[in-house]
Amino acid sequence: MIKLHDKFFKPFLSEEEILSAIERMALEIAADYKDSVPVFVGVLNGAFMFVSDFLKAYPHPCEVSFVRLSSYQGLTSTGIVESLLDVPEEVEGKSVVILEDVIDTGRTLKQLVHLFSNTNVKEFKIASLFYKPSVYNGEYTIDYVGMEIPNNFIVGYGLDYNELGRNLRAVYQLNESHMINLVLFGKPGAGKGTQAGFLKEKYNLKHISTGDVFRYNIKNGTELGTLAKSYIDRGDLVPDEVTINMLKDEVEKNPEAAGFIFDGFPRTAAQAQALDNFLETKDMKVNATIALEADDDILVSRLLERGKESGRSDDQDESKIRNRFDEYNEKTAPLREYYEEQGKFHSVNGIGEITEITERLSAVINAL
Ligand code: AMP
């Protein structure tokens, strides 16, 4: 385990694994370019080590050059890609193979393609040492890939966390065992969203409310929104498959999170099982499920009040609210047992001042 700035990282890929992937790539590319002299264009800063080892493994004559782009600040891709060192002039009329250290969302790649679109290169190919298929937007074909990796935050072998870690010979990944992942449990109106808002600040967690994600999609008229709308309007649950995939996407979008608060998820046994299985693949787990308890009559009056302010249609009609409670009693309440069996279930009185309730929740979290 190594520490860079404030975070811990654990070994992920050894130097040997990386070098053998590079050798495979070099030979594959060499087979395609045996009759010409390609220019390999490394993307700085991250690709410098890759370019060096790649060239040593490349068996035929070739040229090398660099462009410099920057898109990361801290741990997440900011989405802003700056060009700091422009396309070299000597590429005109030549076959260019871009050497990228890692392709994740594809935003940097878009900028690269754009940079080279104004040049008269003979041919333009893309090679990436690491590739994260689960987050790639698929806009361009990636011609050569060294290794497919999951969407974990990685450092080493040229890649950095706020500029540290580039000199490591191996690749390390963020150690998730310091994470706290919480499930907030409780009926509609129990205060899960309100409390999540405070807890996420206090414990530096990422709040994922499946209800909010659905409402965002409905508002923006996405395919997912259209699909979910009819269920939500009736106060029924959205089908598991849709909800589970959406939840996974939300987690994948936040590889840097110090932990998550799941609010409104899981709501069925299938969702709880899927969450456990999914987190396990990422070396993560649910640390605690905390239920906010309150009686139905109080909840109905809170929800009707909220409906007046927010305009949420499922909060304005008592019969829809009661239907949501029925869904909860039938499908969600049994999860209590699921988490009790794992020794993770905690119950908190959800009636009282908001700050008092935050204190009760914090007491549970601090004892974890
Ligand atoms: P909420 O904002 O959590 O009360 O969710 C509002 C509505 O979104 C629910 O009544 C469901 O129709 C839908 N929804 C939210 N989360 C889930 C989930 N985990 N599974 C199925 N449906 C959900």
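When I speak of strands and helices here, I mean DSSP runs, with at least two residues for a strand and at least four for a helix, numbered from the N terminus. With that in place, please bear in mind throughout that what you have in front of you is a predicted model.

Let me begin with the chain as a whole. The protein chain holds 12 helices and 15 strands, and its C-alpha trace spans about 80 × 40 × 30 Å along the principal axes. Of its 368 residues, 50% are buried, and of the contacts with a separation of 6 or more, 71% are between residues 24 or more positions apart. The accessible surface comes to about 17,400 Å², with carbon and sulfur atoms contributing 49% of that area. As for charge, there are 40 positive and 59 negative charges, and their mean positions lie 3 Å apart.

I would now like to turn to one sheet. It is an open sheet of 4 strands, in the order E1-E2-E10-E9, with antiparallel pairing. Its edges are strand E1, residues 2-4, and strand E9, residues 154-155, each of which pairs on one side only. Strand E9 is joined to strand E10, residues 171-174, by 2 bridges, and one residue to look for there is Ile154, whose bridge partner in E10 is Gln173.

Within this sheet, Lys10 sits in strand E2, which covers residues 7-13. Is Lys10 buried or exposed? Its relative accessible area is 19%, and because the limit for buried is under 20%, Lys10 counts as buried. Beyond its neighbours within four places in sequence, Lys10 is in contact with Met1, Tyr172, Gln173, Leu174, Asn175 and Asp283.

Next, the loop between E9 and E10, where we find both Asn162 and Glu163. Asn162 has a phi near 45°, which is a positive value in a residue other than glycine, and Glu163, also not a glycine, has a positive phi of about 75°. In terms of accessibility, Asn162 is partly exposed at 36%, whereas Glu163, with a relative accessible area of 51%, is exposed.

Finally, two cis peptide bonds deserve a look on the screen. The bond from Leu44 to Asn45 is cis, with omega near 0°, and Asn45 lies in the loop that runs between strand E3, residues 39-44, and helix H2, residues 48-57. The bond from Phe265 to Pro266 is likewise cis, with omega near -5°, and Pro266 belongs to the loop between strand E13, residues 260-263, and helix H8, residues 269-281.

Methods: Residues numbered from 1 in each chain as written. Predicted model: local features only at pLDDT ≥ 70, side-chain atom pairs only at ≥ 80, totals over all residues. Heavy atoms only, no water. Buried < 20%, exposed > 50% of the residue type's maximum accessible area, 1.4 Å probe, protein only. Contact = heavy atoms within 4.5 Å. Areas by Shrake-Rupley, 256 points an atom, 1.4 Å probe, with all protein chains shown as cover. Lys, Arg positive; Asp, Glu negative; His and termini not counted. Charge placed at Lys NZ, Arg CZ, Asp CG, Glu CD. Pairing = 2+ DSSP bridges.
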